[in-house]
Structure formats: C-alpha cells, structure tokens
Amino acid sequence: MDGGGSGAAPYAARTAEEVFRDYRARRAGMIKALTTDVDKFFKLCDPEKENLCLYGYPNETWEVTLPAEEVPPEIPEPALGINFARDGMNEKDWLALVAVHSDSWLLSVAFYFGARFGFDKEARRRLFSMINNMPTIFEVVTGSAKKQSKEKTPNSSSKSNKPSSKVQSRAESRSKARVPKDEEESGDDDGDEEAEEHDNTLCGTCGTNDGKDQFWICCDNCEKWYHGKCVKITPARAEHIKQYKCPDCTNKRARA
C-alpha cells in the first residue's frame with residue numbers, strides 16, 4: 001500500500017488482516033514520533049515553516065513534511081499545519097492534539113483501503129474490531145492506556161461491576177437461589193440457605209415479608225429491602241435509578 005513520501009511501499013493488501021498490519025505499522029511510526037523521538041519531532045515542527053503534516057509509513061517510520069502536491073491525493077491526508085500551534089500551547093497539550101489528529105488519519109487511511117479493496121460488511125467489522133483492540137495514539141501519548149490496563153483486573157468481581165440498583169423480584173431471587181432436590185442430596189445446599197435468607201427478609205417500611213412474588217427494591221445506602229409499593233417505586237421507574245436511597249436515608253441526608 002502506498003503511503004506517500006519516503007518509506008512508502010506499493011499497494012499489496014487485499015484482506016482486512018493486511019490492512020490492519022498496514023495500520024499497525026503506521027501507528028507504530030507515529031507513536032515513535034510523539035514519544036521516543038519527541039525531541040526531534042518538536043524541532044522539525046517549526047512554526048516558521050509552511051503547513052506541515054505528520055506521516056506514518058508501513059515500515060514503522062515517520063516523517064514531518066509538506067502535504068502531497070497531487071490533487072486528489074493518493075490516500076487521505078493527515079492534518080495540515082500541526083507546526084503552527086506548537087509554541088502557542090503547552091507541549092503536552094500540543095502533543096495530545098497531534099495524537100488525536102493522527103488517530104483520525106489512521107482510521108481514514110484504513111477504511112479508505114477497505115473501500116478501495118471492496119471490503120464487505122464482515123471484512124469492515126473485522127478490521128474495526130482489530131483496530132479497536134489496540135490503544136489509540138492519544139491514549140499512549142497521554143498515558144491513559146496504562147491507567148486503563150491497571151484498572152482492568154482479570155479476576156475483578158467488585159461491587160462496582162454489578163448493577164448499582166439492587167432491583168429484582170423476590171420470586172426471581174428465590175428461584176435463582178434454590179436448587180433441585182437431587183443436587184441438594186449431593187451436598188450442594190448453598191441455594192437453600194440463600195433462599196431462606198431471602199424468605200426471612202422484612203420490608204424496611206411495613207416490617208413484613210408478605211408479597212414475596214411482588215417487586216422489591218434494595219437501598220444502596222443501608223442495604224434494606226422494601227416492597228416497591230411501600231416506597232412508591234415501580235419496576236419501570238427502577239430501571240432508570242442508578243443509586244436508590246430509601247426514604248429514611250434520604251431524610252437523614254436532608255437533616256444533616
């Protein structure tokens with residue numbers, strides 16, 4: 001695939017995987033410019049020069065140069081004039097801005113090739129999926145890619161990953177908790193214990209456990225369960241509540 005300027009190679013890709021390899025190589029070159037080679041990149045982006053662009057090439061190199069003279073260009077062109085904003089912004093902010101434009105350019109080039117090679121819906125989906133699995137240049141340059149990887153833990157089962165509103169029918173909770181008799185006889189009686197716990201739960205408003213098949217909602221603050229009708233919450237309304245607080249907790253906060 002041609003990329004314009006030095007480091008360019010003739011068109012060769014015909015599959016989504018080959019276009020992705022081209023995308024990945026160009027991306028690697030541009031990341032070098034904005035990270036390991038940043039001092040050289042900064043000097044080349046002289047605001048006194050004409051409109052300059054940052055190119056990434058299929059051989060993982062980069063170049064700051066003038067845009068292609070041919071009209072229309074062989075492939076989409078990167079953002080013009082990245083050098084003009086260099087001295088008018090904080091360096092980190094300027095590099096982040098160039099990174100955003102670089103991400104946009106890489107996507108446009110990849111899907112230009114997709115159109116040129118006649119990719120169908122499945123090939124385009126496959127190409128985007130491969131691209132989307134990689135951090136963007138912006139995420140790499142700003143360090144947000146590292147933050148995201150730290151936040152994602154393979155065995156994460158924290159409460160934050162669960163729905164914030166503890167909303168369900170008591171009938172659903174009991175049916176999920178109970179297990180068939182043949183499994184009980186094999187020694188798995190955890191389900192019965194959980195079902196018994198639900199059966200013993202009392203409504204925080206009326207103090208009864210009547211209406212087990214009715215809609216119940218749990219307060220995210222005090223973790224008490226309530227009949228939906230007792231706190232005037234319907235299942236439809238509960239779907240739009242991110243953090244439910246019962247009347248008692250709401251009144252306590254108001255008094256504080």
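**Reading a predicted fold: confidence, packing and backbone**

Mentor: The protein has eleven helices and five strands. The model is predicted, and confidence comes up early. Of its 256 residues, 34% count as buried.

Trainee: What is the average pLDDT of the protein?

Mentor: The mean is 79, and 71% of the residues score at least 70.

Trainee: Where is confidence lowest, and where is it highest?

Mentor: Helix α7, residues 170–177, is lowest, with a mean of 39. Strand β1, residues 53–56, is highest, at 97. Next, take the stretches of low score. Residues 169–187 have a pLDDT below 50. In the model this stretch has 29 contacts beyond near neighbours in sequence.

Trainee: How many contacts beyond four places in sequence does the model have for residues 3–10?

Mentor: It has 18 for residues 3–10, where pLDDT stays under 50.

Trainee: Now contacts across the chain. What share of those with a separation of 6 or more comes from residues 24 or more positions apart?

Mentor: That share is 61% in this protein.

Trainee: On to helix packing. At what angle do α1 and α3 pack?

Mentor: Start with the angle, then the axes, then the residues. Helix α1 covers residues 16–34 and helix α3 covers 91–116. They pack at about 165°, with axes 10 Å apart. Angles over 145 degrees count as roughly antiparallel, so α1 is roughly antiparallel to α3.

Trainee: Is the crossing of α1 and α3 left-handed or right-handed?

Mentor: α1 passes α3 in a right-handed crossing.

Trainee: Which residues meet there?

Mentor: From α1 come Val19, Asp22, Tyr23, Arg26, Arg27, Met30 and Leu34. They meet residues of α3 including Leu95, Val98, Ser102, Trp105, Leu106 and Phe113. By class, the contact of α1 with α3 has twelve nonpolar residues, one polar and three charged.

Trainee: Last, the backbone. Which phi value does Glu60 have?

Mentor: Look at the sign, then the residue type, then the setting. Glu60 has a positive phi of about 65°, yet it is not a glycine. Glu60 sits in the loop between β1 and β2, the latter being residues 62–65.

Trainee: Why does Glu60 count as partly exposed?

Mentor: Because its relative accessibility is 39%, and the partly exposed class lies between 20% and 50%.

Trainee: And where is Lys232 found?

Mentor: Lys232 is in the loop between β5 (225–227) and α10 (235–238). Its phi is positive too, near 60°, in a residue other than glycine. At 70% relative accessibility, Lys232 counts as exposed.

Definitions and conventions. Residues numbered from 1 in each chain as written. Predicted model: local features only at pLDDT ≥ 70, side-chain atom pairs only at ≥ 80, totals over all residues. Heavy atoms only, no water. pLDDT = per-residue confidence, 0-100. Helix = DSSP H or I, 4+ residues; strand = E, 2+ residues; numbered from the N terminus. Contact = heavy atoms within 4.5 Å. Axes fitted to C-alpha atoms, helices over the stretch in contact; angles between N-to-C directions. Parallel < 35°, antiparallel > 145°, perpendicular 65-115°, else oblique. Left-handed = near helix turned anticlockwise from the far one by under 90°. Nonpolar A, V, L, I, M, F, W, Y, C, P; charged D, E, K, R; others polar. Buried < 20%, exposed > 50% of the residue type's maximum accessible area, 1.4 Å probe, protein only.
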